[in-house]
Amino acid sequence: MILGLDISTTCVGLCVLDSKGNMLLLDHIILSKIKTGLRYKAVAVKERLKDINDQFDIKHIFIEECLLRYRMGASSIHTLMILAKFNGIRNDIIDNVIRER
């Protein structure tokens, strides 16, 4: 099974495909309502990924590349830094939830 992730600090999109490319799951995790910080957003993502990992035999993970440059008017440097922190947390979650199966 293949897990695809599109991660931001407000919403995480996810998709599970079988080996033939058939979509088995298309879902999202709304994080914008969690106002207590990145740690609690990470916990929400971790719990959902645990559920997915229990339901499907994930062998491959694809993650949308993070925003790598500042564009005037599109994103603030503050936003980019928060997203970079969250991406680091994401890597730890994936290592602990999916890869250590």
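Here are some notes on the fold, the core and a few individual residues of this predicted model.

1. **Overall layout.** The chain has two helices and four strands. Going along the sequence, their order is β-β-β-α-β-α. Of the 101 residues in the chain, 31% are buried. If you look at contacts with a separation of 6 or more, 52% of them come from residues 24 or more positions apart.

2. **How the strands pair.** β1 and β2 run antiparallel, with six bridges between them, and Gly4 sits opposite Cys15 in β2. The hairpin that joins β1 to β2 does it through three residues. β2 also pairs with β3, again antiparallel, through seven bridges; here Gly13 faces His28 in β3. On β1 there is another pairing to note: four bridges link β1 to β4 (residues 60–63), and these two strands run parallel. Leu5 is opposite Ile63 in β4.

3. **The β2–β3 turn.** This hairpin has five residues between the strands, and Gly21 takes a positive phi near 90° there. If you are checking backbone torsions, that is the glycine to look up.

4. **Two faces of β1.** Which residues of β1 are on its covered face, and which on its uncovered one? Leu3, Leu5 and Ile7 are on the covered face, while Ile2, Gly4 and Asp6 are on the uncovered face. As background, side chains in a regular strand alternate between the two faces of the sheet.

5. **The main nonpolar core.** The largest nonpolar core has 21 residues, and the members touching the most others are Leu3, Leu5, Leu49 and Ile52. At least two residues of this core come from each of β1 (2–7), β2 (11–17), β3 (23–30), α1 (38–55) and α2 (77–99). Two of those well-connected members, Leu3 and Leu5, are also on the covered face of β1.

6. **Leu3 up close.** Ignoring neighbours within four places in sequence, Leu3 contacts Leu14, Cys15 and Val16, then Leu49 and Ile52, then Ile58, His60, Ile61 and Phe62, and finally Ile98. Click on Leu3 and step through that list if you want to see how its surroundings are put together.

7. **Helix α1.** With 18 residues, α1 spans 26 Å from its first C-alpha to its last, close to the 26 Å expected at 1.5 Å a residue. Its buried residues are Leu38, Lys41, Ala42, Val45, Leu49, Ile52 and Asn53. Looking down the axis of α1, the buried residues fall within an arc of 105°, so they line one face of the helix. Arg39, Asp54 and Gln55 are exposed, on the face of α1 turned away from its buried side. Lys41 and Asn53 are worth a look, as both are listed among the buried residues of α1.

8. **Leu49.** This residue belongs to helix α1. Leu49 counts as buried because its relative accessibility is 3%, against a cut-off of under 20%. Outside its neighbours within four places in sequence, Leu49 contacts Leu3 and Leu5, plus Ile93, Ile94, Val97 and Ile98. Take Leu49 and Ile98: they are 49 residues apart in sequence, yet their C-alpha atoms are 7.7 Å apart in space.

9. **Thr9, a loop residue.** Is Thr9, in the loop between β1 and β2, buried or exposed? Thr9 is buried, because its relative accessible area is 18% and the cut-off is under 20%. Leaving out neighbours within four places in sequence, Thr9 has contacts with Leu31, Leu38, Lys41, Ile82, Leu83 and Phe86. Of these, Leu38 and Lys41 are also among the buried residues of α1.

10. **The cysteines.** How many disulfides does the structure hold? Zero. For Cys11, the relative accessibility is 29%, so Cys11 counts as partly exposed. Cys15, at a relative accessible area of 19%, is buried. Cys15 also turns up twice above: opposite Gly4 in the β1–β2 pairing, and as one of the contacts of Leu3.

Definitions and conventions: Residues numbered from 1 in each chain as written. Predicted model: local features only at pLDDT ≥ 70, side-chain atom pairs only at ≥ 80, totals over all residues. Heavy atoms only, no water. Disulfide = S-S within 2.5 Å. Buried < 20%, exposed > 50% of the residue type's maximum accessible area, 1.4 Å probe, protein only. Core = buried A, V, L, I, M, F, W, Y, C linked by side-chain atoms within 4.5 Å. Contact = heavy atoms within 4.5 Å. Expected span 1.5 Å × (residues − 1). Arc of directions from axis to C-beta. Pairing = 2+ DSSP bridges.
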